[in-house]
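User: Could you take a close look at one part of this structure for me and explain how it fits in with its surroundings? I work at the bench, so please spell out any cut-offs as you go.

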Amino acid sequence: MIPYATILTQPYGYRSSDVASYRERIIQEVSQTDCEWILWNCSMSIAHRGARASIPMPPHIPAHVVCICMNGSPLYWRKAWLLAALARWNDRLPAARFLPYDLLPVDPSLTMHLHAAHNPPYQKELEYILPILSATRMRESAASPEGTLSFKPSRQPAVSILMSIHNMKDTLGWSIRSVLAQSAENWELLIGDDGSEDESMEEACTIQDGRIRVMSQSRNRGKAIMMNRLLAEAKGHYILELDGDDWLAPETVALLSDALDKNPEGRVATGRYGCWERTRQLGPLWRRNADSGKLYTEWSPSFNRSHEHGHPLVPRMYRKSSLIAIGGWWNREDRFGRIFEDIDLTARLLKHSSPVRVDALLYHRVIYGSSTSQRNRSLFEAWYQETMQG
């Protein structure tokens, strides 16, 4: 007789409702079995859906172990512990398929590790997801019994992270979570809701942390308008942009601010970024490692124009004084004022200099067809003629 039950429910989707629904289906399925152990083999759920081969359990499992991993991927779960963990889980993920990794015990002694010749089929994705999961789970374990944390806003944060959002309730939570996972803690996060018609505002207010401030405007006026409003509220020496459907690597704030500290003449610091593609079924899928900083090493407007549809500098940490000196973002609400605002700002800021580059992957950019940047790619030539040469 097999000493475990196998979960058959498959993950689907990237929306918070998709993750919540997946969790409920797993709870229902696990609750219906009498086995002490559950096989939840998430490493098979993507590339090897048909490869439901039996994976032998270890012959001797210490009584305190609640999870058994193979090559770092959770495999077997003690039923009682898994149900309790699922019941109290209420966080944000980039996709439902990463749920098992967010349930891994914070205490490493509770996990038994096995090794095999194969690796998880999406190991590259896990390389960028797991550090955020680990950092924020450790953060939660340090919370008080009431579930609150002691982080308070600094009178003078080193970095102000600015995020303008519009109808981003399904991705915003993971973006915020990546900020909370930063190794450097002297930051503030300013979220501006630009007239959203969904529950983005409620999602922005979900996480209680004194370093996070949320503001809103009832009418959608475009990202540039909101970014200027956030800039006026920012207290940091440096300004880091973060879109509500992207996320940061844990060392982003520390490495970019350090680069500007060491280069006092630098106006902008950047690094490499990971390019992901959003899918309805599986959420963001890893595509490639990119370095837009190379395009800006020797800035010239004609060079940027020749690049297909224009390419923004990603990531972007600015020296606040430099932003103020050029007047920040353009306060335009017409159609050209709402697109390519990042390219326009970078062009004006780096007209006579190059960005300070950090050789590390610091930002994760998610591409999808319905985003503002992708829907307006064909307008780049017309935008360039009016805004850059007009």
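Analyst: Let's start with strand S11 and its partners. S11 runs antiparallel to strand S13 (residues 317-319), and 2 bridges join them; strands here are DSSP runs of E with at least two residues, helices are runs of H or I with at least four, and both are numbered from the N terminus. Two strands count as paired if DSSP finds at least two bridges between them. Within this pairing, alanine 269 of S11 has methionine 317 as its bridge partner in S13.

A quick note before going on: this is a predicted model, in which local features need pLDDT of at least 70 and side-chain atom pairs count only at pLDDT 80 or more, while totals for chains, interfaces and linings use all residues. Residues are numbered from 1 along each chain as its sequence is written, and side-chain values use heavy atoms, with hydrogens and water left out.

S11 also pairs with strand S14 (residues 356-367), here in the parallel sense and over 8 bridges. In that pairing, arginine 272 stands opposite leucine 361 of S14. With strand S12 (residues 283-290), S11 forms 7 bridges in the antiparallel sense, and glycine 274 stands opposite asparagine 289 there. S11 and S12 are joined by a hairpin of 3 residues.

How enclosed is S11? Buried means under 20% relative accessible area, exposed means over 50%, and partly exposed lies in between (1.4 Å probe, protein chains only). Of the 12 residues of S11, 10 are buried, so the strand is largely enclosed by the rest of the structure. S14 is also largely enclosed, because 9 of its 12 residues are buried.

S14 leads us to another strand, S10. The two pair in the antiparallel sense over 2 bridges. Tryptophan 247, which has its place in S10, stands opposite histidine 364 of S14. This tryptophan is a handy vantage point for the rest of the tour.

What does tryptophan 247 touch, leaving aside residues up to four places away in sequence? Taking contact as heavy atoms within 4.5 Å, its partners are Tyr128, Ile129, Ile132, Trp174, Ser175, Ser178, Leu242, Trp276, Pro284, Tyr363, His364 and Val366. One of these, isoleucine 132, is 115 residues away from tryptophan 247 in sequence, with a C-alpha to C-alpha distance of 9.8 Å.

Some of those contacts bring us to the aromatic rings. A pair of aromatic rings is described by the distance of the centres and the angle of the planes. Rings of Phe, Tyr and Trp (its six-membered ring) pair if their centres lie within 6.5 Å; planes under 30 degrees apart count as stacked, over 60 as edge-to-face and the rest as tilted. The whole structure holds 9 aromatic pairs. In one of them, tryptophan 174 meets tryptophan 247 edge-to-face, at 6.0 Å centre to centre and with 70° between the planes. That pair links distant parts of the chain, 73 residues apart: tryptophan 174 belongs to helix H5 (residues 172-180) and tryptophan 247 to strand S10 (residues 247-248). Tryptophan 174 is buried, at a relative accessible area of 3%, and tryptophan 247 is buried too, at 1%.

Tryptophan 247 has a further ring partner in tryptophan 276; this pair is tilted, with 5.0 Å between the centres and 55° between the planes. Here too distant parts of the chain are linked, since tryptophan 247 lies in S10 and tryptophan 276 in S11 (residues 268-279), 29 residues apart. Both of these tryptophans are buried. Together with Tyr128, Trp174 and Trp286, Trp247 and Trp276 form one aromatic cluster.

On the helix side of this cluster, H5 is mostly covered, with 9 of its 9 residues buried. Alongside Trp174, the buried residues of H5 are Leu172, Gly173, Ser175, Ile176, Arg177, Ser178, Val179 and Leu180.

Finally, the wider setting. The chain has 13 helices and 14 strands, and 55% of its 390 residues count as buried. Among contacts with a separation of 6 or more, 77% are between residues 24 or more positions apart.
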